Amino acid sequence: MAQPNDPAPRLQPIGAKAYPGWTPAMVAALASLRARGRKWYSLYDKVHATEVLRWSWGQVAANRGAAGVDGQSVRAFGAQADLHLAELQRLLAQRRYQPLPARRRWIPKPGKRGRRPLGIPAVRDRVVQAAAVNVLEPIFEAKFLDCSYGFRPGRSPLQALDRVSLALAQGQPWVVDADIRGCFDTIPHAPVIAEVAREVADGTLLALLTAFLQAGVLEGQDFQPTERGTPQGAVLSPLLCNIYLHRLDQALTAQGFTLVRYADDFVVLCHSQAEAEAALGAIRQALADLGLTLSEEKTRLVDAETAAFTFLGYTFHKGWRFPSDQALRRLRAKLRPVTRRQQPRPVRALVAAVNPILRGWGQYFRHGHCRSRFARTDAWVRMRLRSFLWKRKARGVAHQRWPNRFWAALGLFSLSAHVGSADPLRRGAAV
């Protein structure tokens, strides 16, 4: 079996992505089967095909991640990948494979009080889930609508943000800023499997998906059955979420509303307050049909000409977008422990630790009106680093003793030096 850096199996390109296990005949059938209302049969054997499992293991290894309930890490699995993949293939082929419960882990809600649960599947289960995604995703990509951007090949948060900016520039300032209450945790199992079954008639594959949904979670020694929801942290969850919310996409676009959805995070852009109120009513009805509800305290109607709203980490206001206050707080919260004053390592090591955080954050937020916020963040980072040196040396005035050029010479990443060359938010900007 292949390691992540082994030569990739031959892949059949489908749109913006290539998939193992998909033959030219299968690709050719994508459009014709849907046009004739036909379903897909005999897909389960693709899940445990050698090339699909090899490729899926490579994806899991590249994403790394923590160990599941069995304690086996990605590295440990990789040390005997041939053996583990052969065993998975055997169990799947014999219909004897059973997923383990997901390991429950609580993480802070970004910029908010409280915590949210993650369900971390075992590495072996992540491999099988990735294989199922590789087999199923092309079928559903052929039917998904353009308003959906999250966790789809060839699509990105930036495209969703640009679509929002374009709608605002084209005279749709009224925004339904909506939030689904616990979407991933409340998706009902039977209906989401029924949505998959609209396109897939392979009962063994449907049973495998059901087994993953019903595998439960383990928190310490406490096993909890999962009667609803698809765990955040599972490889399958984003695809199942998109499959289930496709009906929301259909309901709103059929009524002429401008929906921009990224997984369970979405906004609807409208020309008037009356249209926004109608859109909100349509959202409530569509979600009720899906067994989901809005979080009323987090859902509101916004006139973007006079008030701000936040989507995918950016704040939109009066035709501009820029990093939100919450995004700035999250960045500082991430940098504070790295730049604390009481630590023994040299300043070059601090700079080396800070740079990847700044670079990744800046790469995402450079596509907006970010110059002033980048400059303030650069100054804050230098202040933290000067405070570190001042604590150790206790000499002179920090900004004079260690001026900006000192940090530049050390290679400190500068957000201000990487502002986007063009602001995509000006009115009338094209996507």
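This report covers model confidence, the nonpolar cores and one pocket of the structure above.

The model is predicted, and its protein chain has an average pLDDT of 89, with 90% of the residues scoring at least 70. Two stretches fall under 50, as the table shows.

| Residues | pLDDT | Contacts beyond four places in sequence |
|---|---|---|
| Residues 1-8 | under 50 | 20 contacts |
| Residues 421-431 | under 50 | 26 contacts |

Where pLDDT is low, the predicted coordinates should not be read in detail.

The largest nonpolar core holds 79 residues, and the members that touch the most other members are W40, W57, V200 and V268. Helix α6, residues 123-141, contributes the most to this core, giving 11 residues. With neighbours within four places in sequence left aside, W40 is in contact with W22, M26, A29, L30 and L33, among others. Its further contacts include I139, V200 and A201, along with E199 and D202. Separate from this is a second core of 45 residues, with W361, F374, L410 and L412 among them.

The second largest pocket encloses about 200 Å³ of space. Its lining is made up of 16 residues, and those nearest the pocket centre are R104, D185, V217, T226 and R228. Two elements, β4 (115-120) and α8 (183-186), each give two or more residues to this lining. Strand β4 provides the largest share, 3 residues. Sorted by class, the lining residues of the second largest pocket are 6 nonpolar, 6 polar and 4 charged.

Conventions. Residues are numbered from 1 along each chain as its sequence is written. This is a predicted model: local features need pLDDT of at least 70, side-chain atom pairs count only at pLDDT 80 or more; totals for chains, interfaces and linings use all residues. Side-chain values use heavy atoms; hydrogens and water are left out. On a 1 Å grid over the protein atoms alone, a cavity is a set of points where a 1.4 Å probe fits but cannot get out, and a pocket is an open set with protein on both sides within 12 Å along at least five of seven lines; lining residues have an atom within 4 Å of a point. Grid points are joined across faces, edges and corners, and a volume is the space filled by probe spheres set on the points. Helices (H or I, at least four residues) and strands (E, at least two) are DSSP runs, numbered from the N terminus. Ala, Val, Leu, Ile, Met, Phe, Trp, Tyr, Cys and Pro count as nonpolar, Asp, Glu, Lys and Arg as charged, and the others, Gly among them, as polar. A nonpolar core is a set of buried Ala, Val, Leu, Ile, Met, Phe, Trp, Tyr and Cys residues joined through side-chain atoms within 4.5 Å. Buried means under 20% relative accessible area, exposed over 50%, partly exposed in between (1.4 Å probe, protein chains only). Contact means heavy atoms within 4.5 Å. pLDDT is the predictor's confidence in each residue, from 0 to 100.
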